[in-house]
Amino acid sequence: MTDTIYALSSGALPAGVAVLRISGPKALDAAAALVGPLPEQRKAVLRTVRDAQGQMIDQALVLVFQAPASFTGEDCVELHLHGSRAVVAAVYRALEALPGLRLAEAGEFTRRAFENGKRDLVEAEALADLVASETEMQRRLAVEQSFGGQSALYMEWAQRLTKARALIEAELDFADEEDVPGSVSDQVWAEVGDLYLEVEQHLAEAKAGEIIRDGYKVAIVGPPNAGKSSLLNALAKRDVAIVTDIAGTTRDVLHVDLDIDGYLVRFFDTAGIRETDDVVEREGVRRAKDTLEQADLVLLLQEIDSDPQQFAVTGDAEVLKVGTKLDQHVHRTAYDLCISTKTGDGLDKLRDLIATKVKQTWSGGLVPGRQRHVHYLKEASHFIQDALNGTELDVRAENLRGAATSLGRITGRVDVEELLGVIFSQFCIGK
Ligand SMILES: Nc1nc2c(ncn2[C@@H]2O[C@H](COP(=O)(O)OP(=O)(O)OP(=O)(O)O)[C@@H](O)[C@H]2O)c(=O)[nH]1
Ligand SMILES: [Mg+2]
């Protein structure tokens, strides 16, 4: 017997309304104990909420969802209470006193939704992303993955792999019989080859998913006194970093998150890179180089007309050469862009350039959303590659099964053996 769980589903109190959700076998009884006879399901009705002594706690809208047509797939009741801490505490006390009820653990409602087949793992993760989304693109990606075709895509791939395997195994088992599609092999492997390319193409977009979720990382680097911290402050429109005319002011890596046209963009201000005997500054320079290597875009700052950089830019990020202190110099074509944080000159252009670059990272389609997905996709891809390159037919078939299983692990739903049943039912062998 599962516990019946309850929790506040809405945000921080106080608020206009607090939505308290109860889910589980005793949800209806529990709600009835508080509000009396329950309304017809899926119909919001105003009721008085009372404690065990009959004292009125609040008035609330009551909504009943009967299993399996609810978020969790269990009987669910929502109480839309007035959003005060005391009201919610009093309702919690009343529910706590009922047998078989307890406060839900983090994620428990969604876990039950998964266990009852309401959402698969990809959809459950995407729902968490949707709730946590702060930028427009994070929202779009989460919606795409939560309600879009992500799971269906992996399911379809697993299905194609399993079908291929079934055909190969049929050839193995019944090779000497006449009514088996004879050399289907060539066609099957051609199709598996196509699938391999599709998986690889999808994997190639993993970076896009990471950038949307975790942000587009822009490293501001350059020699000391180039105006790096001044740029960070100008972009953030507040005094985040200390700015002085002493070379070597910044030592730690500071960062500011900005929402640029709906994308999360993370700017990192770093220590000026130079040879130094100062232990602290040297550590700062090391961190600056680390940041540089992990960046998606590097803004290489240098005061216009100053001596060229003495260090090499490593990593595979794109580099924008930015000339600084334009108020004291004139434009030079040696730089991609010239700015002045004093006058604000060039800053809009810089922002636009970054916006253009980050927009190129995601086309809006299905991309692997998480490291977990990427892991299993790579695993599947390896299995497919082994299947394509193998020589022993039974080993190749086994690799196809491995690939389908890896894909199934992403959604947590695809049972390969079950799929096999579905596929076998479509063609009869040996009658
Ligand atoms: N005139 C002018 N001065 C600037 C501009 N940007 C920065 N400065 C000055 O240049 C000096 C260094 O600026 P910072 O922003 O601290 O330079 P930084 O690159 O962070 O320097 P470190 O942290 O030491 O590596 C300060 O005195 C700033 O006021 C600018 O656009 N125009
Ligand atoms: Mg600085």
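In the classes used here, Ala, Val, Leu, Ile, Met, Phe, Trp, Tyr, Cys and Pro count as nonpolar, Asp, Glu, Lys and Arg as charged, and the others, Gly among them, as polar. The model is predicted, with pLDDT of at least 70 needed for local features and 80 or more for side-chain atom pairs, while totals for chains, interfaces and linings use all residues. Residues are numbered from 1 along each chain as its sequence is written, and side-chain values use heavy atoms, without hydrogens and water.

**The pocket**

The largest pocket (an open set of points on a 1 Å grid over the protein atoms alone, where a 1.4 Å probe fits, with protein on both sides within 12 Å along at least five of seven lines) has a volume of about 390 Å³. Its lining (residues with an atom within 4 Å of a point) comprises 25 residues, of which N225, G227, S230, V243 and K325 are the closest to the centre. Helix α9 (residues 228–236) contributes the most, with three residues.

| Class | Lining residues |
|---|---|
| Nonpolar | seven residues |
| Polar | 14 residues |
| Charged | four residues |

**The sheet**

Six strands (DSSP runs of E, at least two residues) form an open, mixed sheet in the order β3-β4-β5-β2-β1-β6. Strands pair if DSSP finds at least two bridges between them. The edge strands, β3 (45–50) and β6 (101–103), each pair on one side only. Strands β4 (residues 56–65) and β5 (residues 76–83) are antiparallel, joined over five bridges; L61 has H80 in β5 as its bridge partner.

Notes
Chains lettered and ligands numbered in written order. Helix = DSSP H or I, 4+ residues; strand = E, 2+ residues; numbered from the N terminus. Points joined across faces, edges and corners; volume = space filled by probe spheres on them.
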